[in-house]
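Visitor: I should like to understand how the terms used for a protein model are justified. May I put some questions to you as we look at one?

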Amino acid sequence: MCGIVGYLGEKEAVPLLLEGLKRLEYRGYDSSGVAILNGKSIARTKCAGKIASLEQALAQQPLHGSVGIGHTRWATHGRPNDDNAHPHTDCHHRIAVVHNGIFENYLEIKERLLKEGHQFRTDTDTEIIPHLIESYYKGNLEEAVMKALKEVRGSYALGVVCQDERNKIIAARMGSPLVIGIGKNETFIASDIPAFLSHTREALLVEDGEIAVITPEGVQLFGEDGKKVDRASFQVLWDAAMAEKGGYKHFMLKEIQEQPKVVSETLAGRLRENSIELDVEMPKKFGRVVFTAAGTAYHAGMVGKYLFETLAKIPAEVELSSEFRYRELCMSKDTLVIAISQSGETADTLAAAREAKQRGHDVIAITNGMGSSLAREVPSFFTRAGIEIGVAATKTFLAQLTAITLLALKTAEDRKTLSPAEFKKIVSEFHRIPELVELALKRENEIRQCAKLFGQRKDFLYLGRHIHYPIALEGALKLKEISYIHAEGYAGGEMKHGPIALIDEEVPVVALALESPVYEKLLSNIQEVRARDATILAVAESGNEQIKKYADHVFYVPKTHWLLSPILGVLPLQLLAYYIADRKGCDVDQPRNLAKSVTVE
Ligand code: G6P
């Protein structure tokens, strides 16, 4: 939530800060602002609304200078209005701060500062920081920042500038992502690498508790104890072009279409001819698996549960990380915890992984976030989806499913829980999956037509059973996230225990009628809702003619081994959500109230 950027160099800062903020807009987009050191003082522009509003304001009243900080906000404390937009300043506007995170003890600090005579202008927690820094400032910004940070509790990635030190930015991190981009005669700070990727690929990570002092002479890192930290920078392998739309109307559509490549990249070198090779250290012995994740990643974990049970005969469960972290964890010592997170920054998932680790469990991660907080704390199995900009996860979900299937198959291989013939069959089908994903996506037009027919409906139900139940949940989540249409995912067998009361001729029911041991039971569930006048949109394998008798529309996907079919089954649902939302004129890439990575609790 929230994105911060900073620039110190020889160029005009504003265009570079705006470019960085646009790249980070996925982290929040309800208001934004910049502060520039213009030689005399700090000039600041900030406003409610998307970054386009800020851009407009800056076009009308340009700010000049080559050192500055910027922010895009996802409101936590205080409404998203002009006042609460960052950067925030001290009483005399000499110090400006951008912040991502939450200061938990801000109220008590604010009260004290008010008594000391500081003037507050916003409802944010962040505003305590410029005032605290002001109270400690004696001509050395880093010293004042260090002292101020000793008083706060909570999470932060900060960028700070001061009008009395015109060639300096201080950055600090505790629990929120922060990375430095090192260019030629210029340095960037950002919440995420894409913010500066078109200018430099050399990046330096800032760790929790550290502060970075950025001047024209370079970057110096200091630990909590004030001692200098030496850390090498690294080269980012991503391509800046990944963060461009490349002719597509929306990032989401581009990312949906990238999925064949994403799956084959995630399989590369891991799926061998007739074996699995993993580049993550799995514990030798574990008797149980618990997945923990949020949002779409949670649905991937649910698929993982069925895969570990069916392929490797290991009991598996999945827990929302926001629940897991506060439970009495009565897990046997041999439980392997697998945290799944696209970003590797979701606060609840990080906390859940930490809690499990602290209790002595083996913990690994499945993440797309190289260099993310999660990846730095636990051994990680990386999905290779590249940057995902659309807030609604698509390609990273497919990459997670691919990764989880690899882990489950490897466990099955090690434990010999499948016959050699069955193992070989699944592996050889897995090799075909990228090609089958491509084939499935070719039916985009049929789905677009269907979106026209049903896009005005107010409620949708999604049904699935067994390994396709999580896909029903994911299909419903995609639709509600980006089109704001009410949608629920249900396990087919649960329909008659309540949701069937909602059915009438106005409610389309999307049924995952893919092959599985309970396919016929799902057909019965379709019959039950059909008898109550629902319209049925079914997802089924090519060649399944029988389903036409049950469904009003069929989205066909290529046939594969049923345990791999979630990877194909979700594709029409992503496209359906996309085309319905696009027809409604919704902001597909940046749906209201959401943020791509939720770095606050
Ligand atoms: C947010 C995003 C979702 C995502 C979830 C978990 O809610 O909007 O798309 O699934 O966070 O994110 P993670 O990065 O941990 O996978």
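Visitor: In which helix is phenylalanine 308 found?

Guide: Phenylalanine 308 is found in helix H8. Please keep in mind that the model before us is predicted.

Visitor: Why is phenylalanine 308 called buried?

Guide: A residue is called buried when its relative accessible area is under 20%. Phenylalanine 308 has a relative accessibility of 0%, and therefore it counts as buried. The C-alpha atom of phenylalanine 308 is 30 Å from that of glycine 498, and the two residues are 190 residues apart along the chain.

Visitor: What does helix H8 contribute to the shell around the ligand?

Guide: Helix H8, which covers residues 295-312, gives the largest share of that shell, namely 3 residues. In total, 14 residues surround the ligand. The closest are Ser341, Gln342, Ser343, Thr346 and Ala595.

Visitor: What makes the approach of serine 341 to the ligand a polar contact?

Guide: The cut-off for a pair of N or O atoms is 3.5 Å. An N or O atom in the side chain of serine 341 is 2.6 Å from an oxygen atom of the ligand, so the pair is within the cut-off and is a polar contact.

Visitor: What distances separate backbone atoms of threonine 296 and valine 391 from an oxygen atom of the ligand?

Guide: For threonine 296, a backbone N or O atom lies 2.9 Å from a ligand oxygen. For valine 391, the corresponding distance is 3.4 Å. Both values are within 3.5 Å, and therefore both pairs are polar contacts.

Visitor: How much of the ligand's accessible area does the protein cover?

Guide: On its own the ligand has 390 Å² of accessible area, and the protein covers 90% of this. The space that the ligand takes is the second largest pocket.

Visitor: How do you know that cysteine 2 is in no disulfide?

Guide: Two cysteine sulfur atoms must be within 2.5 Å to be called a disulfide. By this rule, the count for the model is 0 disulfides. For cysteine 2, the nearest cysteine sulfur is that of cysteine 47, at 15 Å, so cysteine 2 does not meet the rule. Cysteine 91 is likewise in no disulfide, as its nearest cysteine sulfur, belonging to cysteine 162, is 14 Å away.

Visitor: Are these two cysteines buried or exposed?

Guide: Cysteine 2 has 8% relative accessibility and so counts as buried. Cysteine 91 has a relative accessible area of 15%, which is under 20%, and therefore cysteine 91 is buried as well.

Visitor: Why is glutamate 488 called partly exposed?

Guide: That term applies between the limit for buried, under 20%, and the limit for exposed, over 50%. The relative accessible area of glutamate 488 is 26%, so the residue is partly exposed. Glutamate 488 has its place in strand S22, residues 486-491. Its C-alpha atom is 9.7 Å from that of valine 509, with their positions 21 residues apart along the chain.

Visitor: What of isoleucine 485: where is this residue found, and is it buried or exposed?

Guide: Isoleucine 485 is found in the loop between helix H15 (469-483) and S22. With a relative accessibility of 4%, isoleucine 485 counts as buried. From isoleucine 485 to arginine 457 the C-alpha distance is 7.8 Å, while the two are 28 residues apart in sequence.

Visitor: Why is glutamate 273 called exposed?

Guide: The relative accessible area of glutamate 273 is 74%, which is over 50%, and therefore glutamate 273 is exposed. Glutamate 273 lies in the loop between helix H7 (259-267) and strand S16 (288-293).

Visitor: What is notable about the phi of lysine 416?

Guide: Lysine 416 has a positive phi of about 55° although it is not a glycine. This residue lies in the loop between helix H12 (395-415) and helix H13 (420-441). Its relative accessible area is 69%, so lysine 416 is exposed. Asparagine 593, also not a glycine, has a positive phi of about 65°. Asparagine 593 lies in the segment after helix H17 (565-583), and at 61% relative accessibility it counts as exposed.

Definitions and conventions:
Residues numbered from 1 in each chain as written. Predicted model: local features only at pLDDT ≥ 70, side-chain atom pairs only at ≥ 80, totals over all residues. Heavy atoms only, no water. Buried < 20%, exposed > 50% of the residue type's maximum accessible area, 1.4 Å probe, protein only. Near = heavy atom within 4 Å. Polar contact = N/O pair within 3.5 Å; in protein donor to acceptor, adjacent residues only side chain to side chain. Areas by Shrake-Rupley, 256 points an atom, 1.4 Å probe, with all protein chains shown as cover. 1 Å grid on protein atoms, 1.4 Å probe; cavity = no way out; pocket = protein on both sides within 12 Å on 5 of 7 lines; lining within 4 Å. Sits in = over half its atoms within 2 Å of the grid points. Helix = DSSP H or I, 4+ residues; strand = E, 2+ residues; numbered from the N terminus.
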